[in-house]
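User: I'm new to this and would love a close look at one part of this model. Could you walk me through the aromatic rings that group together?

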Amino acid sequence: MGLYYPPIRYVVPTHEDGMLLKTILQKRMGVSRKLLSRLKLTEQGIMLNGTRVYISVKVQAGDLIEIRLEQQRSDDMLPQPMELHILYEDEHLLVLNKPAGIIVHPTHGHYTGTLANGVVHYWQEKGWNYRFRAVHRLDQETSGVLVIAKNSYIHQHISEQMIAGTVDKRYVALVHGRPSSESGSIDGPIDRDPLEPHRRIVTPEGYPSLTSYKVYETYPAASLVELKLETGRTHQIRVHMLSIDCPLIGDRMYQHPVYNLVQAGADVSAEYNDVHEKHGEASSILKLDSYIDRQALHASSLTLVHPIERKTMVFTAPLPEDMKSLRSMLAGEEAI
């Protein structure tokens, strides 16, 4: 592949004749201040018509501007062979269908067996040098679409789209009960649980958080719901669905309130249903959670504008087998 990634090119249009190269790089090509500093120190980082120049020069209509990023590797990650479900790949992006049970990036106590280890191995087997840069996160037990940038420029631009709220992320979940409306929004600030810092809760002191939802199918004790993240808080969907008494089936961290009674040794079938009849028999809640060994949440689609192609791209991942089986089981029961 050489020392550099393929150049990112920009042809100066007529109405930008006479502008400073620095202005074009920052305002038209979207090069961040940090990246610009690095490019200025790179031998072929900034080229005008094939020649290295200072960013203070003025450009002319028709000039070809090229920026080149030096290749990088994730040398701090152990390459490990892993089956990858690739949805899309080009020289800038890698989009995967992440299976449930896999951590995306090495963390304390999980240095191997992560998706990053598998991707680094895949790239090295191909003879490619890229640094692993996931542009968003999925919980370990959440499956679905995950986008990985192959260089810092691409990562920056997709991250900016996410901050601006123009990246459309859709999820599918199987939840206990049924939301009070067929569609709506959950507007509940989220922050850490002071009693259990690894958990999140809805609290007035939390960070603004918004999730939109639409009910697609209903069953005697559950629903199939599509969700759209309007913000990106940790565990947002799981916390918000619990807050409206529709926790995700199989979620061990954000469990249905019935578990509080079970742990307290209460007569679940009698006491719980007296208070929460709308959820059906408490025993069915416990039974549903036993049908799947993770939260029934899948990142079904992600829509963004390709930073280089400048076209809208939609990536989709089919429902995984465990959620298909759970859905079939629920659909086989008597309809509401």
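Analyst: Sure, here's the group: Y5, Y122, W123, W128 and Y130 make up one aromatic cluster. Before we zoom in, keep in mind that this is a predicted model, where local features need pLDDT of at least 70, side-chain atom pairs count only at pLDDT 80 or more, and totals for chains, interfaces and linings use all residues. Residues are numbered from 1 along each chain as its sequence is written, and side-chain values use heavy atoms, with hydrogens and water left out.

What counts as a pair here? Rings of Phe, Tyr and Trp (for Trp, its six-membered ring) pair if their centres lie within 6.5 Å; planes under 30 degrees apart are called stacked, those over 60 edge-to-face, and the rest tilted. Searching the whole structure turns up five aromatic pairs. One of them joins Y122 and W128, which meet edge-to-face with 6.1 Å from centre to centre and 85° between the planes. W128 also pairs with Y130, again edge-to-face, at 6.3 Å centre to centre and with 70° between the planes.

Now, how covered up are these residues? The words to know are buried (under 20% relative accessible area), exposed (over 50%) and partly exposed (in between), worked out with a 1.4 Å probe on protein chains only. Y122 has a relative accessible area of 17%, so Y122 is buried. Y130 is buried too, because its relative accessible area is 6%. W128, the partner of Y122 and of Y130, comes in at 26% relative accessibility and therefore counts as partly exposed.
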